[in-house]
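Student: Got a minute? I have a chain loaded here and would like to talk it through.

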Amino acid sequence: MKRKLSFVLALLMVAALFSACGTAETGGSASISENSGVTSQTAETNPYEKETELIWYCSGNTSEDTSKVMDAFNSQLKEKCNTTIQLNYVGFNDWDNQLNLILTSGEKVDLVYVSAGSYNRYAKNGAFLDITEMFPEYMPETYAYFSEAELSSITANGKIYGIPASRHGYIPYGVMYRKDLMEKYNLQPITSLETYEKYMDTIKANETDIMPYNGNPEYGMKQLFRAIYGFEPISGSGSDLVMVKSYDDIENIIAYPFTDEYVEWSKRMKDYADRGWWSSNALSATVGTWDNIQVGTSATSIENPEGLAYLINSIGGTNPDFTFDYWGFYNLNGYVIPNVINQDGFALPKSAPNPERCLRILEEIKTDSALYDTFMYGVKGYNYELEGEKIIAPAPGTEGAVYDPASIGWAMRTEPLIRTSATEWEGFAPLMTEIKELAVDNKFGPAVLDQTEVSAELAAVTQVAQQYGTPLNIGLVEDVDAAIEQYRKALTDAGIDALVSEIKTQMLEYYTEKGIS
């Protein structure tokens, strides 16, 4: 009798081990709160017992090997979780219309890609499924990745409707410059405005075929402007003219063209333009520094770290004699604001037919390196190969292409599983370590503002900025003081005061709602 009982117990133990796919990997709980609206699961129930196909939609274009990769991925997923995914790509130009159609038609779609803008737009009006209870239950490891402040930033009406990418992104800007030219003229590395100006002046004085900044400098120089004076943009405002005065003075919301700092800056831009740092025809430039630094006609480009790393790798293959260094503008203000946490992510339409299964499968992919590698990088031995823990793409000696999953890959990014390229610029990792150590909370990026009441003013102000602000921003005016006076009058006539007032009112409400100070 004892022998029989032992045998039965052993069978029960084996059954328990194989009762649920992914339980050991995900750490998922077997039960769920009554308020979630999803059928509870016991430890003995296999959540993958029913064969299921999930329908996912994302923006972007398919890669050359998308079908091949998804066949391989679905084979893995079917074996492990009795599930397959039908992945549908919609071109970027058509995506907004298609997403709106999915969300308003009640089409049986399980998952959609969402940017911060689309998430913020649809979450408040009930187009997405409330996953406040389901997120930690079915995706515990993914949920644990985010801080309380980050989770709070993605709530709408006190609820969570999306799953952000499990990755903290940083795009602080700085000057990428030709180090070989610095050494040629015995210059000091760029570490300040003074050494930056010395470098640019030296290039202008001595190089006939290389411009200090060969392109339109407006966007890049605005990054420097912000770093010097501490102004911070409000991404949801619709206008980059309206900013927070400083990171520590968040209630002081201003239109920066009316500040003394902007007068000083405009005169600096006039000085730089007069020194010949960029062309007098820069406003009509059709090719920027991104391209020109690669072919050797620009000594500098203002880039974020990822752009910098890409350019260094790219240029290394075409102009190996060029060497580069980098001066981050964060050295001026001493901090780095990360991207909004929901820059890329997923949401479940309210009509999603398989919410529990969908969330479980997301957790499987984001915690299983074999599934993740195939989904993100393609077929091993064809689209990629490994060199230790690093990736080589495509796999050497094959006809495979580099696989790009487009937006669905942006949203799936999971920091612990991301593989670095075997050819990655060796300075990238230490640079990112330096940047992360300076990271502070993003107080302003997640704000979603309703522009309905000031839409006319916003349109008019934007037009004025293009007409009068752009020439000032790159120093292509004869008289700075007169140009600023004209610019300010045009902004006032366009309704800038009403715009600032509305943005300030909504931002103060946002700070109160999120407990930001």
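Here is a chat about this chain, moving from the overall picture to some sheets, helices and cysteines.

Student: What kind of model is this, and how many helices and strands come out of it?

Tutor: It's a predicted model. The protein chain comes to 22 helices and 15 strands.

Student: What box do the C-alpha atoms fill?

Tutor: Taken along the principal axes, roughly 100 × 55 × 40 Å.

Student: And how much of the chain is buried?

Tutor: Buried residues make up 51% of the 517 residues. On contacts: take those between residues at least 6 apart in sequence, and 78% of them join residues at least 24 apart.

Student: OK, strands. What does β1 pair with, and in which sense, parallel or antiparallel?

Tutor: β1 covers residues 52-59, and eight bridges join it to β2, residues 83-90, with the two running parallel. For one pair to click on, Ile-55 in β1 has Gln-86 in β2 as its bridge partner.

Student: Is β1 mostly covered or mostly open?

Tutor: Mostly covered: seven of its eight residues are buried.

Student: Next, the sheet with β7 in it. What's the strand order?

Tutor: The order is β11-β7-β12, an open sheet of three strands with antiparallel pairing. β11 (300-303) and β12 (324-328) each have a single partner strand, so one side of each has no neighbour in the sheet. Neighbouring strands there are turned by 25 degrees against each other on average, ignoring direction.

Student: How many bridges between β7 and β12?

Tutor: Five, in the antiparallel sense, with β7 being residues 174-178. Tyr-177 has Asp-325 in β12 as its bridge partner.

Student: Which strands make up the sheet with β9?

Tutor: That open sheet has three strands in the order β8-β9-β10, and its pairing is antiparallel. The edges are β8 (232-233) and β10 (249-255); each has a single partner strand, so each has one side without a neighbour in the sheet. Between β9 (residues 242-246) and β10 there are four bridges, and Val-242 stands opposite Ala-255 in β10.

Student: Which helix packs on that sheet?

Tutor: α22, residues 496-514, which touches β9 and β10. The direction of α22 makes about 165 degrees with that of β10.

Student: Switching to helices. What should α12 span, and what does the model give?

Tutor: α12 has 15 residues, 260-274, so at 1.5 Å a residue it should span 21 Å, and its end C-alpha atoms are 21 Å apart, which agrees. Just remember that the expected span uses one less than the number of residues.

Student: Which α12 residues are buried?

Tutor: Tyr-262, Val-263, Trp-265, Ser-266, Met-269, Lys-270, Tyr-272 and Ala-273. What covers them includes α10 (193-206), α11 (218-229), α20 (455-473) and α21 (480-494).

Student: What comes after α12?

Tutor: Gly-276 follows, with a positive phi near 85 degrees.

Student: And α11, what's the span story there?

Tutor: Its 12 residues should span 16 Å at 1.5 Å a residue, and the end C-alpha atoms are 16 Å apart, so the two agree. α11 is mostly covered, with nine of its 12 residues buried; among them are Met-221, Leu-224, Phe-225 and Tyr-229.

Student: What's doing the covering?

Tutor: It includes α10, β9, α12, β11, α15 (330-333) and α20. Just after α11, Gly-230 takes a positive phi of about 85 degrees.

Student: How many disulfides are there?

Tutor: Zero. Cys-358 is in no disulfide, and its nearest cysteine sulfur, that of Cys-81, is 12 Å away. The cut-off for calling one is sulfur atoms within 2.5 Å.

Student: Are those two buried or exposed?

Tutor: Cys-81 has 0% relative accessibility, so it counts as buried. Cys-358 is buried too, with a relative accessible area of 0%.

Student: Last one: which domain annotation covers residues 449-511?

Tutor: The UniProt annotation, from an unreviewed entry, reads "domain: DUF3502". In the model, that span is 79% helix and 0% strand, and its end C-alpha atoms lie 12 Å apart.

How values were computed: Residues numbered from 1 in each chain as written. Predicted model: local features only at pLDDT ≥ 70, side-chain atom pairs only at ≥ 80, totals over all residues. Heavy atoms only, no water. Pairing = 2+ DSSP bridges. Axes fitted to C-alpha atoms, helices over the stretch in contact; angles between N-to-C directions. Buried < 20%, exposed > 50% of the residue type's maximum accessible area, 1.4 Å probe, protein only. Contact = heavy atoms within 4.5 Å. UniProt positions renumbered as here; feature names shortened; annotations may be inferred.
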